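Reader: I am new to this structure, and I would like to understand how the terms used for it are justified. Could we go through them one at a time?

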Amino acid sequence: MENVILNVSGMSCGHCVNAVEGNVGKLSGVESVKVHLDAGKVDVAFDKEKVSLEKIKETIDDQGYDVEY
């Protein structure tokens with residue numbers, strides 16, 4: 001299991017939290033995802049054999065947020 005903390009800009013409310021946690025959480029191989037709205041960070045635990053970090057970042061980007069590693 002791999003753990004990463006991503007810097008995500010553009011999140012400002014509960015809807016943002018639900019969009020990111022909900023969509024990333026649906027990815028096969030993602031064990032947990034937690035948004036820290038005040039810090040602009042997202043913690044993700046995932047199995048890199050099942051899902052790539054790039055796919056996780058792409059999923060967050062698709063919700064309209066900017067992702068940095």
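Author: What follows is a series of questions and answers about a predicted model.

Reader: What makes E2, E3, E1 and E4 an open sheet with antiparallel pairing?

Author: The four strands stand in the order E2-E3-E1-E4 with antiparallel pairing, and two strands count as paired if at least two bridges are found between them. Six bridges join strand E2 to strand E3, six bridges join strand E1 (residues 2–9) to strand E3 (residues 41–46), and three bridges join E1 to strand E4 (residues 66–68), so each of these pairs meets the requirement of at least two. E2 and E4 are the edge strands, since each pairs on one side only. On average, and with direction ignored, neighbouring strands of this sheet are turned by 25 degrees against each other.

Reader: Which residues stand opposite each other in E1 and E4?

Author: Valine 8 stands opposite valine 67 in E4, and asparagine 7 stands opposite glutamate 68 in E4. On the E3 side, leucine 6 has valine 42 as its bridge partner, while lysine 34 is bridged to aspartate 43 in E3.

Reader: What joins E2 and E3 in sequence, and what is particular to glycine 40?

Author: E2 and E3 form a hairpin with four residues between them, and glycine 40, in the turn, has a positive phi of about 70 degrees.

Reader: How do you know that H1 and H2 meet, and how is their crossing described?

Author: Two packed helices are described by the angle between their axes and the distance between the axes. Here the axes of helix H1 (residues 14–25) and helix H2 (residues 53–62) come within 9 Å and cross at roughly 140 degrees, and the crossing is right-handed. Contact means heavy atoms within 4.5 Å, and on the H1 side Val20, Asn23 and Val24 meet Ile56, Thr59 and Ile60 in H2. The residues of this contact divide into four nonpolar, two polar and no charged.

Reader: Where do the two helices lie with respect to the strands?

Author: H2 lies across E1, E2, E3 and E4 and runs at about 30 degrees to E1. H1 also packs on the sheet, where H1 touches E2 and E3 and its direction makes about 170 degrees with that of E2.

Reader: Which residues touch the most other members of the largest nonpolar core, and what makes a residue eligible for such a core?

Author: A member has to be a buried residue of a nonpolar kind, joined to others through side-chain atoms within 4.5 Å. The largest nonpolar core has 21 residues, of which Val44, Ile56 and Ile60 touch the most other members. E1, H1, strand E2 (30–36), E3 and H2 each supply at least two residues of this core, and the largest share, five residues, comes from H1. If residues up to four places away in sequence are not counted, valine 44 touches Glu2, Asn3, Val4, Leu6, Val24, Val30, Ser32, Val33 and Ile56.

Reader: Why is glycine 25 called partly exposed?

Author: Buried means under 20% relative accessible area and exposed means over 50%; glycine 25 has 37% relative accessibility, which lies between these limits, and therefore counts as partly exposed. Glycine 25 is found in helix H1, and, leaving aside its neighbours within four places in sequence, glycine 25 is in contact with Val20, Val30 and Val33.

Notes
Residues are numbered from 1 along each chain as its sequence is written. This is a predicted model: local features need pLDDT of at least 70, side-chain atom pairs count only at pLDDT 80 or more; totals for chains, interfaces and linings use all residues. Side-chain values use heavy atoms; hydrogens and water are left out. Axes are lines fitted to C-alpha atoms, for helices over the stretch in contact, and angles run from 0 to 180 degrees between N-to-C directions. A crossing is left-handed if the near helix is turned anticlockwise from the far one by less than a right angle, and right-handed if clockwise. Ala, Val, Leu, Ile, Met, Phe, Trp, Tyr, Cys and Pro count as nonpolar, Asp, Glu, Lys and Arg as charged, and the others, Gly among them, as polar. Buried means under 20% relative accessible area, exposed over 50%, partly exposed in between (1.4 Å probe, protein chains only).
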